[in-house]
Amino acid sequence: MGTDWVWLIPLRDLDNDARAIQFGAIAGMSLLPGQDRFVGDPLRMALAGLAEASRRPYVVEAGGAAVGLLTLQAGAAGLAGWPDDQSAWLLRGFLIDRRHQGKGLGTLAAAAAVEAARKLTDRHQSCETGVVLSVNDENPAGLSAYRRAGFVDAGPYLGGPAGPQRTMFHSFAENLHP
Ligand SMILES: CC(C)(COP(=O)(O)OP(=O)(O)OC[C@H]1O[C@@H](n2cnc3c(N)ncnc32)[C@H](O)[C@@H]1OP(=O)(O)O)[C@@H](O)C(=O)NCCC(=O)NCCS
């Protein structure tokens, strides 16, 4: 793809025409076989992201193309095994389209999500100190992308239907991964 940067496009901030274009791109996103156990359907997740006020869905753009999707959610950190709901943003629904995986974009997007969350916290003067997520033990690509983006292992998490997971956290106090 020849890019070393990604942009996060906030679906919530787009007008209807711009949003429709992004939804067309999201509808065309797909995963590799077996990856659907780690994440939901892209279109459904984007729609759910807009339907619930606490969620902020973003399209990941690289090199002028929509390459992935992620959502930041406020007040829901406990869903990733965090001890409370409010002190961290939850990163969920994170995927890179199968045609764009393995090029470093997942790592860049995870780091960009932390930066976006930090800006939201600054703008709203809310109380989050970082971003938390849960990732399946059997998802090496996810584990590696998050680690390379600066997330640290915060322990095992046995909730959720998809088997043992790790809780991972990226504090706003740490320097962002380059
Ligand atoms: C997880 C995901 C977002 C990573 O995106 P990506 O763009 O492929 O990630 P990167 O290219 O930045 O690669 C990150 C690491 O994963 C590794 N990786 C990528 N695809 C892999 C695979 N199929 N198997 C094993 N490792 C893989 C890369 O080698 C890299 O590791 P390294 O830096 O140690 O070499 C992507 O694989 C994906 O969408 N998976 C399906 C949905 C999912 O699992 N989401 C996360 C839910 S918590």
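# Questions on a predicted model

User: In this predicted model, how far apart do the end C-alpha atoms of residues 9-173 lie?

Analyst: The span is 31% helix and 28% strand. Its end C-alpha atoms, those of residues 9-173, lie apart by 24 Å.

User: Which annotation covers residues 9-173?

Analyst: The label comes from UniProt, in an unreviewed entry. Such annotations may be inferred rather than shown by experiment. The entry gives residues 9-173 as "domain: N-acetyltransferase".

User: Which element gives the largest share of the shell around the ligand?

Analyst: The ligand is surrounded by 22 residues, and the closest are F38, Q101, G106, T107 and A141. Elements that give two or more residues to this shell are β4, α3 (105-124) and α4 (140-148). Six residues make up the largest share, and they come from α4.

User: How many residues of the shell around the ligand are charged?

Analyst: Sort the shell by class. Nonpolar residues number 11 and polar residues nine. The charged residues number two.

User: Where around α4 do the buried residues G142, A145 and Y146 sit?

Analyst: G142, A145 and Y146 are the buried residues of α4. They span an arc of only 95° around the axis, so they lie on the same side of α4. An α-helix has 3.6 residues a turn, so residues three or four places apart point the same way. The answer is the same side of α4.

User: What covers the buried residues of α4?

Analyst: The buried residues in question are G142, A145 and Y146. Their cover includes a helix, α3, and two strands. The strands are β5 (130-136) and β7 (165-171).

User: Which residue with a positive phi follows α4?

Analyst: Look just past the helix. The phi there is positive, near 105°. The residue is G150.

User: Which element gives the largest share of the largest nonpolar core?

Analyst: In soluble globular proteins, nonpolar side chains tend to be buried together. The largest nonpolar core here has 48 residues, of which V60, A109 and A113 touch the most other members. Elements giving two or more residues to this core include α2 (42-51), β2 (55-62), β3 (65-73) and β4. The largest share, 10 residues, comes from α3.

User: Which residues does V60 contact, leaving aside neighbours within four places in sequence?

Analyst: V60 is one of the core residues that touch the most other members. Its contacts beyond four places in sequence are V6, L8, V67, G68, L69, L70, I96, L105 and A109.

User: Is L90 buried or exposed?

Analyst: L90 belongs to strand β4 (residues 89-96). Leaving aside neighbours within four places in sequence, its contacts are Q73, A76, A77, L79, A80, V132 and L133. The cut-off for burial is 20 or more other C-beta atoms within 10 Å. L90 has 25 C-beta neighbours inside 10 Å, so L90 counts as buried.

User: How far apart in space are L90 and A62?

Analyst: In sequence, L90 and A62 are 28 residues apart. In space, C-alpha to C-alpha, L90 and A62 are apart by 23 Å.

User: Why does Q165 count as buried?

Analyst: Q165 lies in strand β7. Leaving aside neighbours within four places in sequence, Q165 contacts S134, V135, N136, D137, Y157 and G160. Q165 counts as buried because its C-beta neighbours inside 10 Å number 23.

User: How does S54 count by its C-beta neighbours?

Analyst: S54 sits in the loop between α2 and β2. Not counting residues up to four places away in sequence, S54 touches Q73, A74, G75 and A76. With 13 C-beta neighbours inside 10 Å, S54 counts as partly exposed.

User: Which residue has a positive phi of about 50° although it is not a glycine?

Analyst: The residue is found in the loop between α3 and β5. With 6 C-beta neighbours inside 10 Å, this residue counts as exposed. The residue is Q125.

User: Is P83 buried or exposed?

Analyst: P83 has its place in the loop between β3 and β4. P83 and F151 are 68 residues apart in sequence and 17 Å apart in space, C-alpha to C-alpha. Its C-beta neighbours inside 10 Å number 11, so P83 counts as exposed.

Conventions:
Residues are numbered from 1 along each chain as its sequence is written. This is a predicted model: local features need pLDDT of at least 70, side-chain atom pairs count only at pLDDT 80 or more; totals for chains, interfaces and linings use all residues. Helices (H or I, at least four residues) and strands (E, at least two) are DSSP runs, numbered from the N terminus. A residue is buried if 20 or more other C-beta atoms lie within 10 Å of its own, exposed if 12 or fewer, and partly exposed in between; C-beta atoms are placed from the backbone. Two residues are in contact if their C-beta atoms, placed from the backbone, lie within 7 Å. A residue is near a molecule or strand if its C-beta atom, placed from the backbone, lies within 6 Å of it. Ala, Val, Leu, Ile, Met, Phe, Trp, Tyr, Cys and Pro count as nonpolar, Asp, Glu, Lys and Arg as charged, and the others, Gly among them, as polar. The arc is that of the directions from the helix axis to the C-beta atoms. A nonpolar core is a set of buried Ala, Val, Leu, Ile, Met, Phe, Trp, Tyr and Cys residues joined through C-beta atoms within 7 Å.
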